[in-house]
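Hi,

Here is the structure I promised to pass on. Have a look at it first, and my notes follow underneath.

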4 protein chains.
Amino acid sequence: MFDKWHEECGIFGIFRHSEAARIAYLGLYALQHRGQESAGIVSSDEQKFFVERGMGHVADIFDENTLDRLKGEIAIGHTRYSTAGDSTLKNAQPVVVTCSKGNLALCHNGNLVNAQQVRDRLEKEGSIFQGTSDTEVVLHLIARSRKPTVEESIQEALAQLTGAYCLVFMTRDKMIAVRDPKGFRPFAYGFMNGSPVVASETCAFDLIGAKFEREVEPGEMLIFSGAGSVESRQIFPPVQHSHCIFEHVYFSRPDSFVFGQEVYKSRFQLGIYLAREQPVAADIVVPIPDSGVVAGLGFARESGIPLEFGLIRNHYVGRTFIEPKQSIRNFGVRVKLNPCAHLIRGQRVVLVDDSIVRGTTSRKLIKMVRAAGAKEVHMRISCPPTISPCYYGVDTPTKRELIASSHTVEEICTYIEADSLGYLSYDGMLRACGDVEKKGYFCTACYTGKYPVAFPDGAL
Amino acid sequence: MFDKWHEECGIFGIFRHSEAARIAYLGLYALQHRGQESAGIVSSDEQKFFVERGMGHVADIFDENTLDRLKGEIAIGHTRYSTAGDSTLKNAQPVVVTCSKGNLALCHNGNLVNAQQVRDRLEKEGSIFQGTSDTEVVLHLIARSRKPTVEESIQEALAQLTGAYCLVFMTRDKMIAVRDPKGFRPFAYGFMNGSPVVASETCAFDLIGAKFEREVEPGEMLIFSGAGSVESRQIFPPVQHSHCIFEHVYFSRPDSFVFGQEVYKSRFQLGIYLAREQPVAADIVVPIPDSGVVAGLGFARESGIPLEFGLIRNHYVGRTFIEPKQSIRNFGVRVKLNPCAHLIRGQRVVLVDDSIVRGTTSRKLIKMVRAAGAKEVHMRISCPPTISPCYYGVDTPTKRELIASSHTVEEICTYIEADSLGYLSYDGMLRACGDVEKKGYFCTACYTGKYPVAFPDGAL
Amino acid sequence: MFDKWHEECGIFGIFRHSEAARIAYLGLYALQHRGQESAGIVSSDEQKFFVERGMGHVADIFDENTLDRLKGEIAIGHTRYSTAGDSTLKNAQPVVVTCSKGNLALCHNGNLVNAQQVRDRLEKEGSIFQGTSDTEVVLHLIARSRKPTVEESIQEALAQLTGAYCLVFMTRDKMIAVRDPKGFRPFAYGFMNGSPVVASETCAFDLIGAKFEREVEPGEMLIFSGAGSVESRQIFPPVQHSHCIFEHVYFSRPDSFVFGQEVYKSRFQLGIYLAREQPVAADIVVPIPDSGVVAGLGFARESGIPLEFGLIRNHYVGRTFIEPKQSIRNFGVRVKLNPCAHLIRGQRVVLVDDSIVRGTTSRKLIKMVRAAGAKEVHMRISCPPTISPCYYGVDTPTKRELIASSHTVEEICTYIEADSLGYLSYDGMLRACGDVEKKGYFCTACYTGKYPVAFPDGAL
Amino acid sequence: MFDKWHEECGIFGIFRHSEAARIAYLGLYALQHRGQESAGIVSSDEQKFFVERGMGHVADIFDENTLDRLKGEIAIGHTRYSTAGDSTLKNAQPVVVTCSKGNLALCHNGNLVNAQQVRDRLEKEGSIFQGTSDTEVVLHLIARSRKPTVEESIQEALAQLTGAYCLVFMTRDKMIAVRDPKGFRPFAYGFMNGSPVVASETCAFDLIGAKFEREVEPGEMLIFSGAGSVESRQIFPPVQHSHCIFEHVYFSRPDSFVFGQEVYKSRFQLGIYLAREQPVAADIVVPIPDSGVVAGLGFARESGIPLEFGLIRNHYVGRTFIEPKQSIRNFGVRVKLNPCAHLIRGQRVVLVDDSIVRGTTSRKLIKMVRAAGAKEVHMRISCPPTISPCYYGVDTPTKRELIASSHTVEEICTYIEADSLGYLSYDGMLRACGDVEKKGYFCTACYTGKYPVAFPDGAL
């Protein structure tokens, strides 16, 4: 699954560090896989805020000059997926505003499910909105809160909102991190030489040499203030968690530690369980790079079928790729992956991938592998069929576009022209991702259609 | 006065034209002298708004592609002076928001004097602000209005605000132009092949071949809707006008028709009256390009002293000019103006300019003219001494920086090292600009310190 | 004549100055009117050459970083007119090569008339060419010279070439300036705090505070070496000069001193003689900005008809201007010039310009002036009819396109729809430009078709 | 070895295709791993050449507009490694010149060892050089050839040159491919729907759907002309081949077929032989991504030690990476690779890489792996020690910088702080890369110091 989902966001914050903006820049660098189309950092020197935002990769947006302009010892940053055009810039993060609470900046990863309803109410009451993001709603509610402190105002605001959110706020002299009560998205907390840091994933800590302390807990608010003091408030009563299992299946980097388990370990075990549940007589296991590689390794290890990197990824594919006007066979997939014919020729091939979305890419891929000489092509997917869209922060196609929402496994197998197709079972997936004891620990709505946070009427 | 003031803004709107955005682009082109550091256009196809904004000259921001993206038959645009950096972008115009009135876009030329007071109140009531411009305040008041229509909401909002404003609003299917009751800034209204247009100055109409109808009247709201119908509402009772006389003295283009008189004519007459009031025995009249040229012509005509273009302007000076590290004599003025020594050598020279702000530039200029061989240098200014800052939309230095606020004409003459210095009288200026009958027709606060619209306590 | 000719080039060189590249940058700044589409500087620290070239204005190409990279105390620079695209870059100047003479850089203003013939011969002998400019030919001939020194090699090379050239060469430790024997183009020589400088026009010296010494003489080679020693060699025997009279009529900046006379003075006298030779009963004199302004002033002075700036120039017109799809009357000229109707209405107007090339622009202009209400429009041109193209460095249209090459003055008058048309006489032009005593001092080929340097067979 | 060598170039040509430039663009896309710092394409419509070149990735340089400008049915392209600055642009390829043979364009992959000697001679004879690349020398020799045809002139020119070269020339209506007699660099030849194509590697053919025919043979000239006719000339007598074995070890993409064998197969076998020759008691095999992955797989397969992707690559590392001022432990390697601690902790780890150059990166890497908890770290290199620089087109450090040129394996092991270090033997490498029968088939100079093509005196 090399081009199907788009990760929404990565967020990062650091408090009281002499090079706060530079560290934030590094943190965003390590989180680029969560969104590489725009990025921004805002810092505070306790008098003023300094903001730099732009379209493109972190490396394209920031240079020595822009980082030098980001003065101060507090900085928060954001990297995201977004579409082109002016409409994007107005949704760019961090969002920075002035209101009754003073200057306020916010980075948000997730999705609020009742944002539109609250927004409608706020508009009726006279609020104005610059963009279309749900993040603005959070700020309006805070601005309208009559609570005496910004912490209490945030709490009051969030009490009116439901859905998935990891938030990092910055005021002139504080940094505040909050995670939704169900803990949908990952949110790591640690220290870099004594300076507190928060990030979407632990891989950001590894790059800057920070020590992972623990996750920001679901329903927790962490308040960083003064010379580096940390206060924890449980601002929502404990509820059953709903960690996004897709972070393990696909999103997070394999070197991150997410929801209490290494992502690499989860993926490897997904491959192992997949091999056990969906065995096949074959000559080689070929993982779809990069997301299927670790599961493919697990599959190979368990099945005893040798692993081969039969599909080579072109690392230099950018967003803009100009196709020839005249059609080239299998061009769409070939520009990203090229088969090693000598490995595939005459072989019974098991392709290991992490999902089938619309089925069109799998179909082209299998056609290409067959054209390279494969005798048989068996598709194995390291999770159950994806039948429902995500409303908690993953950019999925509509239900209608998800092939598994309206087709049986057999029908999908026919459509993608595989010799066989096997998905990992629901239980297998849960077990592989560490949910052995604690049933319901994960949000699996995309596989079950059961959404752990309800939608307002008509929201879908 | 080639680098002392910065014009704030030019605005433009066109309703029901098949090439609305392209015409808006041309209109902004003709208004570049009012602000060439950023520009933007928003258009509506009655379903959606399309926005393009950027830093730099109109010509740098818009190309065929960006203009093609601006679909629809209604468009409003803005060009402005602004400083660099991210802080600017958040203040960029047109401002486009969503609120209880639906999509709303706004371009503003002028300055609201009680904006901060209203903003403080709005923040207390929970409003959030993206930037620091007073224009946001207008939109917040509209969004909060309980009036049933957008027109009434605008009226209610503006009733709470004082100061100088020409505004052009766009909703999905309407364009609304409003001018403050005192008519501080110019605001022309006309038709281009039947399509209504509004613009800061008539020179924009000339470029697009539109016919000037009349000014948007002080206190008037013009509502353009349907297939091109125009409704006029006088939303404020008539008060004495306060047209910015500085538009005639310096701001507007000489080919514009402003406040009922051609700017060229005003400047020429300023020169004539100046020659009468401040005669001098001299050999040549040298105007300071470009703003002093027409007044210089008038001075020469009246005095009989021949006009010579003794200072040649370098047309290619951009915003970024890298100076040598080692000092070069008179470099700062010479990079913009170069004297023709053969004209000046041995001559008694009258320099005609339109103002002295800090005095430093005049001092350098006179030094340079003397170095070119002038026997005497007499400075003549086509208006009275500038003693007070503008709070109605002209970017002037503080009172403290204005040399005439604390020095007599003799002291200024000594400082700038002129052989003589003469300013036009207050009455002469008024007469030259057409205010013969109607005393008080103009705002002349920068010359008198008498501000026609009061400030809230502590606003200055 | 605001858009008809394109100046070819401006060149600049400075020897032994601690900020050589920065001074070269300033020099090019002052020479932008000679070509603002590309520019380049090469410097030498006596070990290595440092080169920066780019498309666009000098201000766009150079910043602190690029100037800092241009190390060393010798620098030469070039600014030119050129068309877009890659083909241009390969013709970009300064040209920098390595050959038997070591590193060699060259800036060239002018045009060699036998370049193609020499190039054909060189190609037959095995030379390769990167671009299409005649400047490369000079370098090839130098490279092939067997003379022991670079000075002698240059002399040998130039002995094989005919036409117009001002050249400034740079070797690792020398700067060498050469002007063709007939002195077609201007070439000033002076000192900036003791450091020798050369430039196309003296206005470059004024900006940097350099003192004009004299022109580089026709046929002279100036060799700057060592700590700042200057050697002059007359490398060609004296011949009758052929200074381009069009430099006075149009090209050079009015504040430059060219061929022994101030350009401003020439233009003023052109206007005076024009008024004497081509009197007209009229109410106002309106010069075409910017090039017609000084002649217009002279015309007004001599005729006693008052001068008015009845056409206002839009200073912000860039190279890319997007026209509306729908036609706007007189749009092409109006985007650059706008008439002040109140000055023109009901008046008999004399338009003063410096040339008519194809006639199409004049025709549109007159139409526009009539539409603004002029009762009569009389066109007066401050030189004789332009009947022949220039082959010595001015980018003129072909003979066929020059309206005066095939039409009488009466026919042109009819075509441009003027009430009358009058050109200055040939003798009047010569006298105005200072050629009273020395007949033949100027090249006037564009007015006479008599070319002072012959062309190889078939060259035209 | 993720950042040690820089591949020099990739070249591509296509003849008689309706979308020649677009296909060339795709070909270069697939060859980006051979040089991603600049690229260029030149096309011919048989009348004119069209050139586009730029700095950066192929995707950054070319867009629809630039590709549309590249008209015609013949196109050749080049992608290369290069340093920043103006000096690069003058060395940019394709090189396009005009000479006695008409217009001529050239792309070159390789390095000529006697270029400087020939260049010195040419300069003495009057040639001028724009840049410093050896490619210009080829063109000068062709231009000077008296042979009647361009093919013979190329042959005569190449007869004077020694070293490594794959060349693709374009004239107005021909494409000519030539490979040096020893066949140093790979050069594939095939057909895309009947249109002949040549490319550095077969992976370019896969992307465009072309069929690989055979290699351009060492010493062969292929002449494509007319409607698509191909003529082969063996322009040099057969000599023993010297294929660069490093193309198998590191350079080429694993999905390419190079010198008669799949690169993937070679690397896998390098891993197998390495495991046999340098066995080690360990728990996991961790390959260094990306270049060590296939060899690591082979090592794991042969040794029976499980493969784990214990080092995760950050795919978003660009050329400009801003380091914090304050040091972060192991930052230099960590920005590219991050260890999965849970895989490594307490394990005996075998790291498989394809070379050690200076040793500094390996040292940091091992330090980082130990910090992640490894009990033991054993380094295994899939080729012999690199003791000598390459002079045939690979950008290697000097001999002095190559740690193996002056240190024993034991000393290197100590320096990099590994528990053990094992290199593959010379014979093992040859066998793995397919050189079983034909001894001497490969150039192995970097491992032996024995250079198959002699250098002129003093060339090193």
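**Where chain D meets chain C**

Chain D and chain C touch through 23 residues from each of the two chains. Keep in mind as you read that this is a predicted model. Putting the two chains together buries about 2,100 Å², and 47% of that is on carbon and sulfur atoms. On the chain D side, four elements each supply at least two of the touching residues: the strands β3 (49-55) and β5 (95-99), and the helices α5 (115-124) and α6 (135-144). Of these, α6(D) gives the most, with five residues. By type, the side of chain D that touches chain C splits into eight nonpolar, six polar and nine charged residues. Even with those nine charged residues on the chain D side, the count of salt bridges between chain D and chain C is zero. As for polar contacts, two residue pairs make them across this interface, counting pairs with both residues at pLDDT 80 or more.

**Where chain D meets chain A**

Now turn to the other partner. Here the contact takes 63 residues from chain D and 63 residues from chain A. The buried area comes to about 5,100 Å², with carbon and sulfur atoms giving 59% of it. Chain D and chain A share two salt bridges. One to pull up on screen is between the side chains of A:R301 and D:E308, at 3.4 Å from N to O. There are also 14 residue pairs in polar contact between chain D and chain A, again with both residues at pLDDT 80 or more.

Which elements of chain D give two or more residues to the side that touches chain A? The list is α1 (20-30), α3 (64-69), α8 (203-208), α10 (263-277), α11 (293-303), α12 (331-334), β19 (337-339) and α13 (341-344). The largest share is from α1(D), which brings six residues. Sorted by type, this side of chain D holds 32 nonpolar, 15 polar and 16 charged residues.

**Pairs of chains that do not touch**

Two pairings have no contact. Chain A and chain C are one of them, with their closest C-alpha atoms 12 Å apart. Chain B and chain D are another, and their closest C-alpha atoms also lie 12 Å apart.

**Cysteines**

How many disulfides does the structure hold over all chains? The count is zero. I checked a couple of cysteines to see why. For B:C340, the closest cysteine sulfur is in C:C203, 10 Å away, so the two are too far apart for a bond. B:C340 is also buried, at 2% relative accessibility. The story for D:C166 involves a partner in its own chain: the closest cysteine sulfur is that of D:C9, and at 10 Å this pair is too far apart for a bond. D:C166 has 0% relative accessibility, so it counts as buried.

**A serine in a chain C loop**

One last spot to look at is C:S355, in the loop that runs between β21 (348-353) and α14 (360-371) of chain C. Is this serine buried or exposed? C:S355 counts as buried, because its relative accessibility is 0%. Its side chain makes a polar contact of 3.0 Å with the side chain of C:D354.

If you open just one view, I'd go for the chain D and chain A interface, with the salt bridge between A:R301 and D:E308 in the frame.

Cheers

Notes:
Residues numbered from 1 in each chain as written. Chains lettered and ligands numbered in written order. Predicted model: local features only at pLDDT ≥ 70, side-chain atom pairs only at ≥ 80, totals over all residues. Heavy atoms only, no water. Contact = heavy atoms within 4.5 Å. Disulfide = S-S within 2.5 Å. Buried < 20%, exposed > 50% of the residue type's maximum accessible area, 1.4 Å probe, protein only. Buried area = accessible area lost by both parts, 1.4 Å probe. Salt bridge = Lys/Arg side-chain N within 4 Å of Asp/Glu carboxyl O. Polar contact = N/O pair within 3.5 Å; in protein donor to acceptor, adjacent residues only side chain to side chain. Nonpolar A, V, L, I, M, F, W, Y, C, P; charged D, E, K, R; others polar.
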